[in-house]
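Hi,

Here is the structure I promised to send over. Have a look at it first, and my notes on what turned up follow underneath.

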Amino acid sequence: MNCHLCIHTEEKPHVCEVCGKQFNQRSSLKTHLRAHTKEKSYVCEVCAKAFTERGNLTAHLRIHRNEKRYVCEVCSKAFTQLCNLKTHLRTHTKEKPYVCELCGKEFTERGSLGSHLRTHTKEKPYVCEVCGKAFAERGNMFKHFRTHTKEKPFSCEVCGKAFAHSSYIRMHLRTHTKEKPYVCDVCGNAFMVKGNLLKHLRIHT
């Protein structure tokens, strides 16, 4: 009962000894302490990924169940997590709340701002364990890592050909669909690959 009363009185008697943050319930303090200890007690039985909070594990499990309860009212696209829906909604509202303090460029996602800031700081925190090459973005490091492992996780559903990167399979699929999305503004010639359009544009210059 005393714990419940704290919610109404806004009293926060439970204090974190590490950072001083206050909580109205002991259980909330215990959950918070895992942020300092890095303890991850909640483990996914499917992929073994671990989490500090039960709620985060519950949200993660929806990925495996392909459960998408959060639906966009504009385009009906569905998401497993509310935060992903909120981020998606900005593609409709054009809202860009994350602003670079150095150049003023705006972003819809905090992660995109973080990646952009490294173009100013030249920081490359993601390092290849095999050769030591460093990258500004985690995704680029993983792409590079496949040059060592020779892993090709992206397979063409039409012919079965495998690729190391998703961008390669997108280009390859155009050989089946005959799609040519890159169009010359001068003469209307169309190309499957952006690089071929850029080469073609030199004819006009």
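Let me start with a single side chain: Glu179 has a relative accessibility of 43%, so it counts as partly exposed. Please keep in mind throughout that this is a predicted model.

Salt bridges

Glu179 is a handy way in, since its side chain meets that of Arg174 in a salt bridge, at 4.0 Å from N to O. Arg174 is the buried partner, with a relative accessible area of 12%. How many salt bridges does the structure hold? The count is two. The other pair is Glu95 with Arg90, whose side chains meet at 3.9 Å, again N to O. Here Arg90 is buried at 14% relative accessibility, while Glu95 is partly exposed at 41%. As background, side chains of opposite charge can pair when their charged atoms come close.

Two lysines with positive phi

Next, the backbone. Lys94 has a positive phi of about 65° although it is not a glycine. Look for Lys94 in the loop that runs from helix H4 (82–93) to strand E7 (98–99). Is Lys94 buried or exposed? Its relative accessibility is 63%, so Lys94 counts as exposed.

Lys150 is worth viewing alongside. Its phi is near 65°, which is a positive value in a residue other than glycine. Lys150 sits in the loop between helix H6 (138–149) and strand E11 (154–155), and with a relative accessible area of 63% it is exposed.

Cysteines

I also went through the cysteines. How many disulfides does a search of the whole structure find? The answer is zero. Why is there no bond between Cys75 and Cys72? The closest cysteine sulfur to that of Cys75 is the one in Cys72, but the separation is 3.7 Å, so they are too far apart for a bond; the cut-off used for a disulfide is 2.5 Å.

The cysteines I looked at have these accessibilities. Cys75 is partly exposed, with a relative accessible area of 37%. Cys44 is buried, at 2%. Cys19 counts as partly exposed at 45% relative accessibility. You will find Cys19 in the loop between strand E1 (14–15) and strand E2 (22–23). Cys19 and Leu33 are 14 residues apart in sequence, and their C-alpha atoms are 9.6 Å apart in space.

Repeats and domains

On the annotation side, the unreviewed UniProt entry places the feature "domain: C2H2-type" at residues 14–41, 42–69, 70–97, 98–125, 126–153, 154–181 and 182–205. I checked two of those spans in the model. Residues 42–69 are 43% helix and 14% strand, with the end C-alpha atoms 22 Å apart. Residues 126–153 are likewise 43% helix and 14% strand, and there the end C-alpha atoms lie 21 Å apart.

The domain assignment of the chain draws its bounds in another way: domain 1 covers 42–93 and domain 2 covers 98–149. How far apart do the C-alpha centres of domain 1 and domain 2 lie? The distance is 24 Å.

Within helix H3 (residues 54–65) you will find Arg62. With a relative accessible area of 10%, Arg62 is buried. Its C-alpha atom is separated by 32 Å from that of Cys16, and the two residues are 46 residues apart along the chain.

A nonpolar patch

One last thing to colour on the surface. Which residues make the nonpolar surface patch of about 260 Å²? They are Val186, Leu198 and Leu201. Leu201 has its place in helix H8 (residues 194–204). At 30% relative accessibility, Leu201 counts as partly exposed.

If you only have time for a brief look, I would pick these places:

- the salt bridge between Arg174 and Glu179, then the one between Glu95 and Arg90
- the positive phi at Lys94 and at Lys150
- the sulfurs of Cys75 and Cys72, 3.7 Å apart
- the patch made by Val186, Leu198 and Leu201

Cheers

Definitions and conventions
Residues are numbered from 1 along each chain as its sequence is written. This is a predicted model: local features need pLDDT of at least 70, side-chain atom pairs count only at pLDDT 80 or more; totals for chains, interfaces and linings use all residues. Side-chain values use heavy atoms; hydrogens and water are left out. UniProt positions are given in the numbering used here, feature names are shortened, and annotations may be inferred rather than shown by experiment. Helices (H or I, at least four residues) and strands (E, at least two) are DSSP runs, numbered from the N terminus. Patches are made of residues with over 30% relative accessible area and no salt bridge: like charges are joined within 9 Å, nonpolar side chains (Val, Leu, Ile, Met, Phe, Trp, Tyr) within 5 Å. Accessible areas come from the Shrake-Rupley method with a 1.4 Å probe; for residues, only the protein chains shown count as cover. Buried means under 20% relative accessible area, exposed over 50%, partly exposed in between (1.4 Å probe, protein chains only). Domain bounds come from an automatic or database domain assignment.
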